[in-house]
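Work through the following exercises on side-chain contacts with the model at hand, and compare each step with the solution given.

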Amino acid sequence: MVFDVERILAGLTLEEKASLTSGSDFWHTQGVERAGVPAVMVTDGPHGLRKQAEDADHLGLGDSVPATCFPPAAALGSSWDPALLHRVGEALGRETRANDVAVLLGPGVNIKRTPLCGRNFEYVSEDPFVAGVLGTALVAGIQSQGVGTSLKHFAANNQETDRMRVSADVDERTLREIYLPAFEAIVKNAQPWTVMCSYNKVNGTYASQNHWLLTQVLRDEWAFEGLVVSDWGAVHDRVPALAAGLDLQMPAAGPRPDEEIVAAVRAGTLDEAVLDVAARRVLRLVERSLPAGGGSFDVDEHHALAREAAADGSVLLKNEPVDGTPLLPLSGDFLVVGEFARTPRYQGAGSSQVNPTRLDTALDALGDVPFEPGFTIAGGPAGDDEVLAAAAVAAARTAGTVVVFLGLPGPDESEGYDRPRLGLPDNQVALLEAVAAANPRVVVVLANGSAVSVPWRDRAAAILETWLGGQAGGSAVADLLHGRRTPSGKLTETIPHRLTDTPAFGNFPGEAGHVRYGEGILVGYRWYDARELDVAYPFGHGLSYTSFTYSDVSATVSGEGADATVDVRVTVTNTGDRAGAEVVQVYVRDPEAAVLRPVRELKGFTKVALEPGASQQVTVTLDSRALAYWHPGLHRWVVEGGAFVVEVGASSRDLRGAVTIDVPGEPTWGPLEAMSTVEEWLAHPVGGPLLQAAITPPAGVEIDETMQAMMLGFPARTLADFGLAGFDRAALDALVEQVTAQG
Ligand code: BGC
């Protein structure tokens, strides 16, 4: 029988409609049996399915069904490869459908404001553009399988400290340019079935009750068609939340929320039409998920895909020659040191934790090689660090090369709290120092979900950052170390030297219930570039076993203002002796603007695979948003006309070519009033000439250059009051009227 949403909705009682807008348990919506409305199941997410038994605690792990644990977003994102994310999405979608789950709760695209956020491993980047492109691919891939996604956590959930209460105090321009665009791109380009609101407050109002966020921005501006679900337990006041645009409260919270809705409608304080909108959206979700269910997936195939993704999401930070040859790929005999080779760190803790279908370790995957654990890690086998290190050093003395597996212990990064430190634990650094003193041929393989400081980086000739690699991470590392695959990942987050260098330092994690985003739009590389700070490894950095040159950078502009587009072309050549892939990055700078603009911003990229010696011309098309800023006074995007510099590079600090383009802009002036400054008046096409004509300094008053410059900052009314311009308040008011009338 057809599931007719409108017919069903029309036949529901007030109580039944209210019941649709909250969960029946941890993972299901409420059905209405009488009306033929089944309950649907949603579950985590994001990088693997975590389908639990009905009575499980929601952060529990052991009892979820086995599912492929793909690399978390930190690694997936570092691939810069939308096609790969689409394929991973398809696989996630297949597993979701095969398990009769309607919605996979992910992906998360919050911006990495600080490397200390405990949940960064679940997020893509410090940059909204790359997060938006890759998130779109993942959502499209998952939803291509007939199941839904939940884009989370909307919005400004950039820390775990006090996440359920804290108010993220962020100015509008910063929200629009940094914290919202990834959500915006994914909503507009992939229409996720659901968006999950975050726990925190945004500028004093809980996201779950934030009408501006959930309705004005998400629906009215971005045309979101799906359903807004709360994060688990994020609703505090059901009726205002419903009115703000929160359709579905999860998980079940007993009869109270539904009763409050019913009472509010009866009392006339809530329009029943508002409830109808939310109930309709839940019914639509049910309708969409009806044909889902069933199908199967190939465990081996998905494992192989997880392996490919882990390899392509790893970033070769450094690969310097020792005795004339880079250490990677490995040649000759080598020793493996580090407990992580045997006890892998492959996913983060919290609601995203998957029960993997299998688990590869690097130690097994590397073949029959000598191994020394070197140090202990929390949760790993017991041991004495000094004894372990001494054994590792002794073995290192005679080894050809030493591959040292280091990383963050599991408890260091988790949902629910932030990281205690930026660096690796002392026992691991001490081990590395000792091994490097015994043998200069050291390769470090890192496993961590977010940037770690690397003050020890001179001790290793090669460093491979694998992030958290998912269940096949161990074999992926072996593929890279042995050269069966060539690294092609790039950093989507800067690796800073010190915590004190990081953008949010001093404004994180906030106090007394507020965290002030004082660094504004200068997040990630935007901060390091603006402050001219040296970093350990810059945003966009990543090496290969081959090398690439860039030539013939050019850019063509078409259209103007909001309709402008720019085609950026560059030829990339593989100049090495093996096949590889390069992530070509396009940055835009606006050297002169009425507002502060970052030194450069990523606005386009493409990944190109090339055989040795091969060349390819690539084109990256930028739309006007690549040039625009959010005008804080006009509350809209503005392309301010003039020169822009388009830079093309292999990282944000390895720019290989630049061209300057000239783009005709659009109006950047707002309505004039008496309190507008002389400068604002003069910049206005109608008001400028009028004011010019009206200014007649009284006889005897000489206005020299300094005075003129000072007066630009005066409100026109002050000028009138000072009697400096030859017009009074009344004359000025008449000017304002004239300008307003003429537009
Ligand atoms: C997390 C969400 C997750 C939900 C359900 C919350 O605590 O913040 O990301 O989807 O729980 O497990």
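A charge sits over a ring if NZ of Lys or CZ of Arg is within 6 Å of the ring centre and within 35 degrees of the ring normal. The model is predicted, so that local features need pLDDT of at least 70 and side-chain atom pairs count only at pLDDT 80 or more, while totals for chains, interfaces and linings use all residues. Residues are numbered from 1 along each chain as its sequence is written, and side-chain values use heavy atoms, with hydrogens and water left out.

**Exercise 1.** Find the ring beneath the charged end of R531.

Solution. The charged end of R531 lies over the ring of W527, at 4.1 Å from its centre. R113 is placed over the face of Y517, 4.0 Å from the ring centre.

**Exercise 2.** Describe the aromatic pair of F129 and F605.

Solution. Rings of Phe, Tyr and Trp (its six-membered ring) pair if their centres lie within 6.5 Å, and planes under 30 degrees apart count as stacked, over 60 as edge-to-face and the rest as tilted. This rule gives 13 aromatic pairs. F129 and F605 form an edge-to-face pair, with 6.1 Å from centre to centre and 90° between the planes. Next, consider accessibility (buried is under 20% relative accessible area, exposed over 50%, partly exposed in between, with a 1.4 Å probe and protein chains only). F129 is partly exposed because its relative accessibility is 30%, whereas F605, at 12%, counts as buried. Finally, both residues belong to one aromatic cluster with W80, Y525, F539 and Y587.
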